[in-house]
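Here's a quick look at how a few pieces of this fold sit against one another. Have the model open and follow along.

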Amino acid sequence: MDDPMRLLVVCLGNICRSPMAEGALRARIEEAGLGRRIEVDSAGTGDWHVGEPPDRRAIATAAAKGVDISTLRARQLHEQDFHHFDWVLCADRNNLRDVRAIAPAGASGRVALLREWAGGDKGAEIADPYTGGQRHFDEVWAQVDTAALAVVERFVRHRGAV
Ligand code: 4NP
């Protein structure tokens with residue numbers, strides 16, 4: 001069997017957007033029976049929340065959709081990630097800029113915006129919900145789940161089901 005496709009989702013704190021994206025991706029990947037074909041992780045460009053679980057609002061928003069992200073723990077993006085992962089998928093353009101700034105030359109991992117990479121509009125971002133309300137967290141979930149569905153669909157189309 002081929003090596004799995006390895007995806008790393010990156011945001012600023014790794015407590016809101018990227019753990020929600022990791023949860024949505026894992027859930028859609030499992031649902032499609034692709035758990036051994038696609039590997040998913042998440043990280044933050046910042047280090048403020050390293051070791052912490054996701055924001056309680058992110059946990060609650062995912063739980064309302066039947067996805068448990070409470071056991072995830074924040075970590076910071078590090079240089080080896082660019083060698084391990086095939087794709088480093090960013091939540092917004094600030095993340096994209098920060099990620100590109102630390103990407104080592106010659107690494108195999110490519111960098112993109114998650115929503116754009118998943119077939120969404122060019123330049124489409126996932127807005128930071130940290131200082132927002134439930135509506136913002138719901139919007140993040142809708143965006144990451146749409147992206148997760150598209151990733152799974154594209155994987156099946158191009159590389160075949162299990
Ligand atoms: P995230 O949200 O990047 O989606 O995890 C944030 C979390 C924490 C902070 C900013 C954004 N912060 O400044 O601590």
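How are helix 1 and helix 6 oriented to each other? Keep in mind that this is a predicted model. The axes of helix 1 (residues 17–31) and helix 6 (residues 134–159) come within 8 Å and cross at roughly 40 degrees. That angle is neither under 35 degrees nor in the range 65 to 115, and the two helices are therefore oblique to each other. As for handedness, the crossing of helix 1 past helix 6 is right-handed.

Now for who touches whom. On the helix 1 side, the contact includes M20, A21, A24, L25 and I29, along with R17 and R28. Helix 6 answers with residues including F137, V140, W141, V144 and D145. Sorted by class, that contact has 13 nonpolar, one polar and three charged residues.

Over to the sheet. It's an open one, with four strands in the order 2-1-3-4 and parallel pairing. Strand 2 and strand 4 are at the edges with a single partner strand each, so one side of each has no neighbour in the sheet. From one strand to the next, the twist averages 25 degrees.

Here's where the strands fall:

| Strand | Residues |
|---|---|
| Strand 1 | 5–11 |
| Strand 2 | 38–44 |
| Strand 3 | 87–90 |
| Strand 4 | 110–113 |

Zoom in on the strand 3 and strand 4 pair: they run parallel and are joined by four bridges. W87 sits opposite R110 in strand 4.

Finally, helix 4 (residues 93–102) lies across strand 1, strand 3 and strand 4, and runs at about 165 degrees to strand 4.

Note on methods: Residues numbered from 1 in each chain as written. Predicted model: local features only at pLDDT ≥ 70, side-chain atom pairs only at ≥ 80, totals over all residues. Heavy atoms only, no water. Axes fitted to C-alpha atoms, helices over the stretch in contact; angles between N-to-C directions. Parallel < 35°, antiparallel > 145°, perpendicular 65-115°, else oblique. Left-handed = near helix turned anticlockwise from the far one by under 90°. Contact = heavy atoms within 4.5 Å. Nonpolar A, V, L, I, M, F, W, Y, C, P; charged D, E, K, R; others polar. Pairing = 2+ DSSP bridges.
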